Amino acid sequence: MDQLAALRALRKVVELGSFTAAAEALGLSHTAISRQIAQLEAKLGSQLLNRTTRRFALTEAGKQYYEACKQILDALDAADRAVSDHQARPAGTLRINAPMAFGTLELAEWLPDFLARYPELQVDLVCNDRIVDLIEDGFDVALRLTRELPDSTLIAKRLATSDVLLVASPQYLARHGTPQTPQDLLAHNCMTYTQVLRPQDWTFIDADGVAQTIAVRGTLQANTGIALRTAALRGLGVATTASFIVHEDLKAGRLVKLLPAYALKPRELYALYPHNRHLSPKVRAFVDYAADVYRGRRWD
């Protein structure tokens with residue numbers, strides 16, 4: 001017996017005053033309604049309705065059970081509506097993981113506007129430069145800047161491309177000279193980003209598409225591009241860094257782009273989120289908003 005269906009049948013019979021009306025309202029036959037209530041009475045071991053050929057009346061036990069039945073069904077309907085409403089609009093807490101530099105310099109810039117658009121949403125932003133397990137660590141979505149995504153069951157939506165640039169300050173170049181070829185970097189203090197597979201190996205591609213890799217050395221390595229940017233601004237050495245980190249410094253002349261005839265492989269910005277049959281509105285809203293922010297955007 002489907003007890004929930006039987007509860008709904010009992011309620012409809014009482015509220016509409018007849019088995020026939022209840023059957024029509026529920027899209028069932030008169031016989032099916034009668035069977036459900038009879039099975040419910042058998043399960044309870046108590047008669048709920050006194051029936052005659054033309055009418056019925058609730059027994060004393062039936063009155064008590066009917067009142068409890070209404071409360072249960074009303075609470076269940078309210079819970080269904082709450083979930084339906086939650087699924088219809090972004091609400092609740094959205095947990096986001098992002099790289100330290102990107103979360104600090106980029107995401108924090110447009111996140112307030114995103115939250116202003118969705119006032120029922122709260123964001124828990126965690127910035128770090130380690131690769132987290134979204135499901136195990138309880139994140140709804142992650143932003144990744146990478147040259148290659150590992151195989152996973154996550155959905156990956158590409159949002160933008162961030163060039164990787166070779167930069168140094170004018171003060172450093174005045175003291176040590178400006179490199180003209182990748183090979184010249186062997187004579188420079190090269191600061192490295194450790195969140196890549198081989199930090200000391202810098203691969204340059206010339207205009208003909210020919211690649212050459214230089215094994216550089218330097219006095220600073222860091223797991224965040226912010227630290228490398230700051231050190232470069234202070235004149236410590238040469239750094240490779242994402243364009244979104246230094247594009248304002250380049251415009252202002254605080255840093256200089258080196259080896260313009262050569263390219264470093266760019267990094268792609270992705271939004272990653274678990275593969276769910278029903279994508280929650282809060283994740284969909286965030287990913288769509290981020291896609292709009294970076295549609296056609298460049299850090300030049």
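**Strands, helices and cores in a predicted model**

I205 has a relative accessibility of 33%, so it counts as partly exposed. Here buried means under 20% relative accessible area, exposed means over 50%, and partly exposed is anything in between, worked out with a 1.4 Å probe on protein chains only. Everything below comes from a predicted model, in which local features need pLDDT of at least 70 and side-chain atom pairs count only at pLDDT 80 or more, while totals for chains, interfaces and linings use all residues. Residues are numbered from 1 along each chain as its sequence is written, and side-chain values use heavy atoms, with hydrogens and water left out.

I205 sits in strand β8. Helices (H or I, at least four residues) and strands (E, at least two) are DSSP runs, numbered from the N terminus. Leaving aside neighbours within four places in sequence, I205 is in contact (heavy atoms within 4.5 Å) with V210, A211, A261, Y262 and A263. One of these partners, A261, is 56 residues away in sequence, yet the two C-alpha atoms are 8.7 Å apart in space.

Strand β8 (residues 201–205) has two faces: W202 and F204 are on the covered one, while D201, T203 and I205 are on the uncovered one. Its partner is β9 (residues 211–215), which runs antiparallel to β8 and is joined to it by five bridges. Two strands pair if DSSP finds at least two bridges between them. Across this pairing, D201 faces A215. The two strands make a hairpin with five residues in between, and G209 in the turn has a positive phi of about 85 degrees.

Strand β7 (residues 190–193) is a different story: C190 and T192 point one way, M191 and Y193 point the other, and all are buried. For C190 the relative accessible area is 1%, so this residue counts as buried. β7 runs parallel to β11, with two bridges joining them, and M191 stands opposite A239 there. β7 also runs parallel to β10, again through two bridges, with Y193 partnered by A222. Y193 turns up again as a contact of T224, along with M100, A101 and D129, once neighbours within four places in sequence are set aside. T224 belongs to the loop between β10 (221–222) and α8, and is buried because its relative accessible area is 15%.

On to the helices. The buried residues of α9 (residues 243–252) are S243, F244, I245, V246, H247 and D249. They pack against α5 (100–117), β5 (141–146), β6 (155–168), α8 (225–233) and β11 (238–242). Right after α9 comes G253, with a positive phi near 80 degrees. Helix α3 (residues 30–44) has 15 residues, so at 1.5 Å a residue it should span 21 Å, and this agrees with the 22 Å between its end C-alpha atoms. The expected span is 1.5 Å times one less than the number of residues. In α3, the buried residues are A32, I33, Q36, I37, L40 and E41. An α-helix has 3.6 residues a turn, so residues three or four places apart point the same way. G45 follows α3, and its phi is positive too, near 70 degrees.

Most residues other than glycine have a negative phi. L259 is not a glycine, but its phi is positive, at about 50 degrees. L259 lies in the loop between β12 (256–257) and β13 (264–273), and counts as buried because its relative accessibility is 5%.

What about the nonpolar cores? Such a core is a set of buried Ala, Val, Leu, Ile, Met, Phe, Trp, Tyr and Cys residues joined through side-chain atoms within 4.5 Å. The largest one has 41 residues, of which L107, F114, L143 and F286 touch the most other members. Helix α10 (residues 281–293) gives the most to this core, seven residues. At least three residues come from each of domain 2 (92–160 + 268–295) and domain 3 (164–264). Not counting residues up to four places away in sequence, L107 touches I96, A98, F102, L125, L143 and F286. There is also a second, separate core of 17 residues, including A6, A23, C69 and L73.

The protein also has a domain 1 (3–61), with domain bounds taken from an automatic or database domain assignment. The C-alpha centres of domain 1 and domain 3 lie 79 Å apart. Finally, a search of the whole structure turns up zero disulfides, a disulfide being a pair of cysteine sulfur atoms within 2.5 Å.
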